[in-house]
Amino acid sequence: QAQLAESGGGSVEAGGSLTLSCAPSGRTYSSNCMGWFRQAPGKEREGVARIYGGGRTTYYADSVKGRFTISQDNANNSVYLQMNRLRPEDTAMYYCAAGWTSSVGLCYSGEIDFGYWGQGTQVTVSS
């Protein structure tokens, strides 16, 4: 079964940086919309960033805009999340997801069925 594997989480102080990575694990699959989501204890899952078509279009939640950068390596279907100027409120479990859509708009809005998910990587930011 195709899955995704995240890595790069950890504990940092506020203002620090981390880079999350997500790569396919297991059977290969096709996707053109990949995203990062996060969920903090007691809160709903939040879409953080998405990338479509190998990088032609990106989306960022307002809370991370200007601090996080999503990128993709098309050769190995991997996606990355560079996180700078981290804040305590960024503390959460971060998940990557992948899916397929013919609509850049649906990927941008997140209204697609992300059929593949990772197990998550924890990011903790201390003040």
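Student: Before we start, what counts as a helix or a strand here?

Tutor: Helices and strands are both DSSP runs, numbered from the N terminus. A helix needs H or I over at least four residues. A strand is a run of E, and its minimum is at least two residues.

Student: Okay, so how many helices and strands are in the chain?

Tutor: Keep in mind that this is a predicted model. Reading along the sequence gives the pattern β-β-β-β-β-β-β-β-β-α-β-β. In total, the chain has one helix and eleven strands.

Student: What radius of gyration does the chain have, and what would a compact globule have?

Tutor: Along its principal axes, the C-alpha trace spans about 40 × 30 × 30 Å. A compact globule with 127 residues would have a radius of gyration near 14 Å. The chain agrees with that, because its own value is 14 Å.

Student: What share of the residues is buried?

Tutor: Buried means under 20% relative accessible area. The accessible surface of the chain comes to about 6,400 Å², and 45% of that belongs to carbon and sulfur atoms. Of the 127 residues, the buried share is 41%.

Student: In what order do the strands of the open sheet come?

Tutor: Four strands form this sheet, and their pairing is antiparallel. At the edges sit β1 (3–7) and β7, each pairing on one side only. From one strand to the next, the twist averages 20°. The order is β1-β3-β8-β7.

Student: Let's walk across that sheet. Which residue is the bridge partner of leucine 4 in β3?

Tutor: β1 and β3 pair in the antiparallel sense, over five bridges. Within β3, serine 21 is the residue opposite serine 7. For leucine 4, the bridge partner is proline 24.

Student: And which residue in β8 is the bridge partner of cysteine 22?

Tutor: β3 and β8 run antiparallel and are joined by five bridges. Cysteine 22 has its bridge partner in β8, and that partner is valine 79.

Student: Next pair: which residue takes a positive phi in the hairpin of β7 and β8?

Tutor: These two strands run antiparallel, with six bridges joining them. Aspartate 73 stands opposite serine 78 in β8. The hairpin has four residues between its strands, and the positive phi, near 55°, belongs to asparagine 77.

Student: Which side chains of β7 point to the buried face?

Tutor: The side chains alternate along this strand. Thr69, Ser71 and Asp73 point to one face and are not buried. Pointing to the other face, and buried, are Phe68, Ile70 and Gln72.

Student: Now for the inside. Which residues touch the most other members of the largest nonpolar core?

Tutor: This core has 27 residues. The elements giving it two or more residues are β3 (18–25), β4 (33–39), β5 (46–52), β7 (68–73), β8 (78–83), β9 (92–99) and β11 (121–126). The largest share, four residues, comes from β9. The members touching the most others are Trp36, Leu81, Met83 and Tyr94.

Student: Which residues are in the other core?

Tutor: It lies apart from the largest core and has seven residues. Among them are Ala97, Cys107, Ile112 and Phe114.

Student: Is aspartate 90 buried or exposed?

Tutor: Aspartate 90 sits in the loop between β8 and β9. Leaving out residues up to four places away in sequence, aspartate 90 touches Arg38, Arg67, Phe68, Arg85, Val123 and Val125. Its relative accessibility is 1%, so aspartate 90 counts as buried.

Student: Why does glycine 55 count as partly exposed?

Tutor: Glycine 55 is in the loop between β5 and β6 (57–60). Partly exposed is the range between under 20%, which is buried, and over 50%, which is exposed. Glycine 55 falls in that range because its relative accessibility is 37%.

Student: How far apart in space are glycine 55 and glutamine 72?

Tutor: In sequence they are 17 residues apart. From C-alpha to C-alpha, the distance in space is 6.4 Å.

Student: Last one: which residue takes a positive phi in the hairpin of β5 and β6?

Tutor: β5 and β6 run antiparallel, joined by four bridges. Arginine 50 has its bridge partner in β6, tyrosine 59. Between the strands of this hairpin there are four residues, and the positive phi, near 60°, belongs to glycine 53.

Methods: Residues are numbered from 1 along each chain as its sequence is written. This is a predicted model: local features need pLDDT of at least 70, side-chain atom pairs count only at pLDDT 80 or more; totals for chains, interfaces and linings use all residues. Side-chain values use heavy atoms; hydrogens and water are left out. A nonpolar core is a set of buried Ala, Val, Leu, Ile, Met, Phe, Trp, Tyr and Cys residues joined through side-chain atoms within 4.5 Å. Buried means under 20% relative accessible area, exposed over 50%, partly exposed in between (1.4 Å probe, protein chains only). Two strands pair if DSSP finds at least two bridges between them. Axes are lines fitted to C-alpha atoms, for helices over the stretch in contact, and angles run from 0 to 180 degrees between N-to-C directions. Contact means heavy atoms within 4.5 Å. The radius of gyration is taken over C-alpha atoms; the globule rule is 2.2 Å times the number of residues to the power 0.38. Accessible areas come from the Shrake-Rupley method with a 1.4 Å probe; for residues, only the protein chains shown count as cover.
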